[in-house]
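Please open the structure in a viewer and keep the sequence at hand. The stops below are given in the order in which they may be selected.

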Protein chains: 2
Amino acid sequence: MDHPQCYRDTHLLVDFERRSATLDTQPMALTRKEYDLLALLVTYAGVIVPRAELLMRVWGYGAGIRTRTLDVHIRHLRCKLGVYADSYIETVFGVGHRFQPYGSSRRLQSSAMEPPALALGV
Amino acid sequence: MDHPQCYRDTHLLVDFERRSATLDTQPMALTRKEYDLLALLVTYAGVIVPRAELLMRVWGYGAGIRTRTLDVHIRHLRCKLGVYADSYIETVFGVGHRFQPYGSSRRLQSSAMEPPALALGV
DNA sequence: CGCCGCTTTTACAAGCTCTTTACAGGTCCG
DNA sequence: CGGACCTGTAAAGAGCTTGTAAAAGCGGCG
């Protein structure tokens with residue numbers, strides 16, 4: 001009971017109960033893995049989720065497994081997020097991915113050597 | 001008596017008392033199993049009923065039984081629903097089926113199947 | 001028994017999801 | 001700049017799920 005039942009921002013609604021997501025009132029047609037991935041990212045909204053963490057929690061892959069599946073799924077998710085793709089899902093080179101709630105997108109760009117925000121298990 | 005006596009929308013009427021259904025004023029000629037299946041789906045209108053749930057409640061099959069009977073009956077039902085077949089009965093890949101009250105089906109074409117929205121016992 | 005309607009099985013076609021593969025493009029760092 | 005990684009992308013393939021048609025099982029009834 002310590003988990004919220006859904007995530008919501010200006011455009012996106014993720015219902016953890018029903019395992020469904022809605023984008024601008026249009027239901028997103030997500031596959032299981034796509035939903036799992038989105039749900040995990042959204043759960044840590046604003047936080048970088050390391051690649052290994054994603055592979056662990058969505059695929060059950062342990063460390064040291066090399067696969068492109070994650071990237072492919074990220075791509076599919078981005079496609080289905082339409083015009084919001086890049087503002088929602090951010091890639092942090094060499095670390096992982098971060099879901100940014102709508103409107104909170106700070107220009108990332110490589111130059112940022114500042115304390116690079118939050119990250120899981122770091 | 002927390003169960004309504006019948007289901008009704010623009011085109012379909014299901015009478016749980018008489019175990020009968022009417023489509024656009026034409027009585028549907030349903031067999032027992034067909035009625036059972038339709039009644040169960042209609043009872044959970046708008047909600048995905050998992051395959052296992054259907055097999056359990058209509059056929060009494062426990063988990064792990066592999067059969068195509070359900071699919072065949074779904075097909076027969078669809079046939080008898082005529083032109084409304086696909087707007088009424090929706091298949092959610094790998095999950096189950098969902099009855100959509102008339103008019104509540106948003107059909108998005110192209111890339112994907114139906115949105116995995118509500119589901120029973122998930 | 002023989003017919004008939006309902007149900008289930010069978011066999012194959014079609015569809016969907018996930019993963020892998022191969023290569024292109026980016027990023028970091030000396 | 002150049003090499004070593006890392007990520008983006010498209011396409012192909014494997015594995016499983018569902019659609020469909022036809023045949024086989026089953027039970028009631030004249």
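**Two helices of chain A**

Begin by selecting helix α1 (residues 32-43) of chain A and helix α2 (residues 51-59) of chain A, which pack at an angle of about 130 degrees with their axes 10 Å apart. The model is a predicted one. The two helices, α1(A) and α2(A), are therefore oblique to each other, since an angle from 65 to 115 degrees would be needed to count as roughly perpendicular and one over 145 to count as roughly antiparallel. Their crossing is right-handed.

Next, display the side chains at this contact. From α1(A), select K33(A), D36(A), L37(A) and L40(A); from α2(A), select L54(A), R57(A) and V58(A). Sorted by class, the contact of α1(A) with α2(A) holds four nonpolar and three charged residues, and no polar ones.

**From α1(A) to α3(A)**

Keep α1(A) selected and add α3 (69-80) of chain A. The axes of α1(A) and α3(A) come within 10 Å and cross at roughly 85 degrees. That angle makes α1(A) roughly perpendicular to α3(A). Which residues form this contact? On α1(A) they are K33(A), E34(A), L37(A) and L38(A), and on α3(A) they are H73(A), H76(A) and L77(A). The residues of the contact of α1(A) with α3(A) comprise three nonpolar, two polar and two charged. Both K33(A) and L37(A) may be left highlighted here: they belong to the contact of α1(A) with α2(A), and they also take part in the contact of α1(A) with α3(A).

**Chain A as a whole**

Now widen the selection to the whole of chain A. How many helices and strands does chain A have? There are four helices and seven strands. Followed from the N terminus, the elements of chain A run β-β-β-β-α-β-α-α-α-β-β. If the chain is coloured by burial, buried residues make up 19% of its 122 residues. Among the contacts in chain A with a separation of 6 or more, 50% are accounted for by residues 24 or more positions apart.

**The surface near DNA strand D**

Select DNA strand D and the residues around it, of which there are 18. The closest are R68(A), D71(A) and T91(A), together with D71(B) and T91(B). Two elements give two or more residues to the surface near DNA strand D, namely α3 (69-80) of chain A and α3 (69-80) of chain B. By class, the residues of this surface divide into eight charged, six nonpolar and four polar.

**The helix pair in chain B**

Move to chain B and select helix α1 (residues 32-43) and helix α2 (residues 51-59), whose axes come within 10 Å and cross at roughly 130 degrees. That makes α1(B) oblique to α2(B). The crossing in which α1(B) passes α2(B) is right-handed. For the contact, display K33(B), D36(B), L37(B) and L40(B) of α1(B) with L54(B), R57(B) and V58(B) of α2(B). The contact of α1(B) with α2(B) has four nonpolar and three charged residues, with no polar ones.

**A last stop at E90(B)**

Finally, select E90(B), which lies in strand β6 (residues 89-92) of chain B. Is E90(B) buried, exposed or partly exposed? E90(B) is partly exposed, because 19 other C-beta atoms lie within 10 Å, while a buried residue has 20 or more. To finish, place a distance label between E90(B) and D36(B): the two are 54 residues apart in sequence and 17 Å apart in space, C-alpha to C-alpha.

How values were computed: Residues are numbered from 1 along each chain as its sequence is written. Chains are lettered from A and ligands numbered from 1 in the order in which they are written. This is a predicted model: local features need pLDDT of at least 70, side-chain atom pairs count only at pLDDT 80 or more; totals for chains, interfaces and linings use all residues. A residue is near a molecule or strand if its C-beta atom, placed from the backbone, lies within 6 Å of it. Ala, Val, Leu, Ile, Met, Phe, Trp, Tyr, Cys and Pro count as nonpolar, Asp, Glu, Lys and Arg as charged, and the others, Gly among them, as polar. Axes are lines fitted to C-alpha atoms, for helices over the stretch in contact, and angles run from 0 to 180 degrees between N-to-C directions. Angles under 35 degrees count as roughly parallel, over 145 as roughly antiparallel, 65 to 115 as roughly perpendicular and the rest as oblique. A crossing is left-handed if the near helix is turned anticlockwise from the far one by less than a right angle, and right-handed if clockwise. Two residues are in contact if their C-beta atoms, placed from the backbone, lie within 7 Å. A residue is buried if 20 or more other C-beta atoms lie within 10 Å of its own, exposed if 12 or fewer, and partly exposed in between; C-beta atoms are placed from the backbone.
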